[in-house]
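Work through the exercises below with the model open. Try each task before reading its solution.

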Amino acid sequence: MKRNLLLSPGPTQIPASICEVLGRPIIHHRTPQFQDILKEAAEGLKYVFQTKNDVLILTSSGTGGMEAAVCNLLSANDKAITVEGGKFGERWTELCCVYGVKTNVIKVPWGKAVSAQEIKKILDADKDIKAVFITLTETSTGVTTDVKSIAEVVKKTKAVLVVDAISGLGATDLQTDHWGVDVVVSGSQKGLMLPPGLAFVTLSAKAWELVPLSKNPKYYFDLTLAKKTAEKIDTPFTPAIGIIIALNESLKLIKKDGLEKLFAHYARLAQGTREAAKALGLSLFADASCISNVVTAINLPAGIDGEKLTKIMRDTHGITLAGGQDDLKGKIVRLSHMGCLDEYDMLTGISCLEKVLNKMGYKFSLGAGVAAAQKFFNTK
Ligand SMILES: *Cc1c(COP(=O)(O)O)cnc(C)c1O
């Protein structure tokens with residue numbers, strides 16, 4: 001029997017206590033028993049989202065939450081800014097296009113982050129822009145966006161700031177209320193260490209003001225309906241009951257450690273991994289100024305096929321890393337720090353990466369990456 005270690009940035013490794021909850025028999029959702037669970041989830045989510053506002057739970061993958069944000073806030077021909085610095089930033093543009101929203105696209109070279117200044121310039125020039133869509137952690141490139149500085153800029157305008165925090169929430173700091181972020185979207189299978197199936201959306205008072213003005217069609221993702229039913233401690237449709245029950249276990253684990261400790265934990269795993277890459281003579285894809293602690297994207301040496309490498313790691317050794325997407329296909333590997341992972345999991349991943357790189361003909365001193373990470377983990 002092979003291990004199955006998920007070092008991929010979603011789905012992430014699930015803690016044993018959450019697996020145990022997921023294995024319980026199903027209960028009915030229109031019951032006082034499930035209402036208690038929903039109540040507990042509503043409170044716990046506020047802590048992780050760092051907000052006093054309600055966090056709505058939708059049954060869909062994270063992208064459903066992104067779609068809900070676009071179709072509930074805006075109408076066709078409204079104007080918005082999107083930032084394309086990777087695969088997930090592009091998704092905001094695609095969603096806006098589907099709903100007829102006119103996008104002012106900021107193209108950022110992959111591996112770099114957008115600056116608050118670039119956003120300010122566009123907002124200053126066009127006062128009709130209603131929303132700015134950004135990505136907390138661009139999972140495809142390993143970049144973190146400076147949400148705080150961007151919020152500083154956007155909150156002085158009439159536009160709302162919408163953040164895709166599907167990867168990153170619970171793993172890297174996002175002070176929703178304190179920084180003045182209007183809308184945060186997340187999902188269950190990344191930092192929350194659950195199976196895929198839940199999306200989350202929270203809106204500020206400023207964002208809720210836009211909702212009644214939106215003429216876009218919506219049915220399943222109608223946030224007004226979701227809010228109304230949430231106020232009655234209910235859901236409009238059959239929710240992913242089992243995952244919501246498991247969510248409370250995840251929220252309990254996160255609360256127990258505390259967000260700050262978790263952010264430091266993931267930062268440490270990321271730093272150890274970066275040290276290993278350096279020792280292997282491999283560079284990092286993301287710019288040092290905006291590098292993420294949630295996922296590390298490592299450039300592969302010329303002549304090493306990343307598709308093949310990740311396939312061998314997964315099929316022969318039972319360790320899943322993510323490869324590159326689009327133009328980066330075959331050229332990078334991405335190693336997640338999110339999930340139920342510790343330094344020994346990082347060392348396992350690095351060790352396997354070394355083994356397969358060596359087998360594929362890359363010349364380096366075998367064990368150098370593990371030694372560098374080990375050294376870091378033993379001093380920090
Ligand atoms: C994973 C991810 C998504 C997509 O989420 P799905 O659950 O696959 O719909 C969107 N944005 C970012 C930044 C992600 O990491």
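**Exercise 1. Find the residue of β10 that stands opposite V184, then place β9 among its partner strands.**

Solution. Start at V184: its opposite number in β10 is T202. The model is predicted; local features need pLDDT of at least 70, side-chain atom pairs count only at pLDDT 80 or more, and totals for chains, interfaces and linings use all residues. Residues are numbered from 1 along each chain as its sequence is written, and side-chain values use heavy atoms, with hydrogens and water left out.

Next, count the bridges. β9 (residues 183-187) and β10 (residues 198-203) run antiparallel and share five bridges. Two strands pair if DSSP finds at least two bridges between them. Strands are DSSP runs of E with at least two residues, helices are runs of H or I with at least four, and both are numbered from the N terminus.

Now turn to the other partner. β8 (residues 160-164) runs parallel to β9, with three bridges. Here D164 stands opposite V185.

Last, check cover. Five of the five residues of β9 are buried (under 20% relative accessible area; exposed is over 50%, partly exposed in between, with a 1.4 Å probe and protein chains only). V183, V185 and G187 are buried on one side, V184 and S186 on the other.

**Exercise 2. Describe the pairing and the burial of β11 and β13.**

Solution. Take the pairing first. β11 (residues 295-299) and β13 (residues 332-336) are antiparallel, joined by five bridges. Two positions fix the register. I298 stands opposite V333, and N299 stands opposite I332.

Then compare burial. In β11, four of five residues are buried. In β13, five of five are buried. Both faces of β13 are covered: one side carries I332, R334 and S336, the other V333 and L335.

**Exercise 3. Which residues come nearest to the ligand, and which polar atoms lie beside its oxygen atoms?**

Solution. Begin with the shell. It holds 13 residues, and S61, T63, T139, D164 and K190 come nearest. A residue is near a molecule or strand if one of its heavy atoms lies within 4 Å of it.

Sort the shell by type. Two residues are nonpolar, eight polar and three charged. Nonpolar covers Ala, Val, Leu, Ile, Met, Phe, Trp, Tyr, Cys and Pro; charged covers Asp, Glu, Lys and Arg; the others, Gly among them, are polar.

Then list the distances to a ligand oxygen atom:

- S61: a polar side-chain atom at 2.5 Å.
- G62: a backbone N or O atom at 2.8 Å.
- T63: a polar side-chain atom at 2.4 Å.

Finish with area. Alone, the ligand exposes 390 Å², and the protein buries 89% of that. Accessible areas come from the Shrake-Rupley method with a 1.4 Å probe; for residues, only the protein chains shown count as cover.

**Exercise 4. Why is α3 largely enclosed by the rest of the structure?**

Solution. Locate α3 at residues 62-73; α3 and α4 (87-98) each supply at least two residues of the ligand shell. Count the burial: 10 of the 12 residues of α3 are buried, so the helix is largely enclosed. Among them are G62, M66, V70 and L73.

Check the span. From first C-alpha to last, α3 reaches 17 Å, close to the 16 Å expected at 1.5 Å a residue. The expected span is 1.5 Å times one less than the number of residues.

**Exercise 5. Is K375 buried or exposed?**

Solution. K375 is exposed, because its relative accessibility is 64%. K375 sits in helix α14 (residues 368-379). Its C-alpha lies 8.5 Å from that of G272, 103 residues away along the chain.

Key: Polar contact = N/O pair within 3.5 Å; in protein donor to acceptor, adjacent residues only side chain to side chain.
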